[in-house]
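Grab your viewer and let's work through a few exercises on this one. Each has a task, then a solution in steps.

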Amino acid sequence: AIPTEFFAPFVSGAVEVVRSMTTDEAAEDGFRWSLTLISKTLVRTILEGSTIVMKAINTNQEKALVKAISVSPRGKRAMELLNITVGTQSISPLYWAIESGSLVTAHAMINDLLTIRADRDNYYYGYDDLFTRHPEVIQRLCADASNLLWPLLDGLIWRSRVTVAGQRRVNYYVKHLMHDGGGKM
């Protein structure tokens, strides 16, 4: 991550370089105005998008992600990992982690999403949220992060801790792998 205090000196330096290359004040003013606008937009994006989850992704450490997400309530935990809105733009922290090469944190995010949690009233499982936000997640992992495919598929299986006559009950959550968003096979 680039510290936001470096943007203003960068703009000043770039304007100085342009000033040494031209005598046209209108061109220099236009360049300064454009670069200042871009700089302000980038600073705003960095500041608004700097959630604790995004900061954890930048470290690429599982422990940092677990600590960051641990403060989120169970009902909102999945969306903290799948959707951040910056201005009018929406980005996926999971996809950001994959694109930036933070595969350790992406693995931790998948594990967290596919962990079944409960309280007295509800069960929480990020399976539907994951496939609703990213219906193409399997294809994306195959193309960009194939080592995350196994943790994702493993997270779609629930195993009972109780064994009866040497057998254990298992649920496979494959609805989204067999149907598209419209419910068609």
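**Exercise 1. Place Ser102 and describe its surroundings.**

Start with the location: Ser102 sits in the loop that links α6 (93-99) to α7 (103-113); helices here are DSSP runs of H or I with at least four residues, numbered from the N terminus. This is a predicted model, where local features need pLDDT of at least 70 and side-chain atom pairs 80 or more, while totals for chains, interfaces and linings use all residues. Residues are numbered from 1 along each chain, and side-chain values use heavy atoms, with hydrogens and water left out.

Next, exposure: at 7% relative accessible area, Ser102 is buried (under 20%, 1.4 Å probe, protein chains only).

Now the neighbours. Skipping residues up to four places away in sequence, Ser102 touches Ile57, Asn60 and Ala97 (contact is heavy atoms within 4.5 Å).

**Exercise 2. Work out how α3 and α4 are oriented to each other.**

First, the geometry: the axes of α3 (residues 52-59) and α4 (residues 62-69) come within 8 Å and cross at roughly 175°. Axes are lines fitted to C-alpha atoms over the stretch in contact, with angles from 0 to 180 degrees between N-to-C directions.

Then the label: α3 and α4 are therefore roughly antiparallel (over 145 degrees).

Finally, who meets whom? On the α3 side you'll find Ile52, Val53, Ala56 and Thr59, and they meet Ala64, Leu65, Ala68 and Ile69 of α4. Sorted by type, the residues of this contact are seven nonpolar, one polar and no charged.

Terms used: Helices (H or I, at least four residues) and strands (E, at least two) are DSSP runs, numbered from the N terminus. Buried means under 20% relative accessible area, exposed over 50%, partly exposed in between (1.4 Å probe, protein chains only). Angles under 35 degrees count as roughly parallel, over 145 as roughly antiparallel, 65 to 115 as roughly perpendicular and the rest as oblique. Ala, Val, Leu, Ile, Met, Phe, Trp, Tyr, Cys and Pro count as nonpolar, Asp, Glu, Lys and Arg as charged, and the others, Gly among them, as polar.
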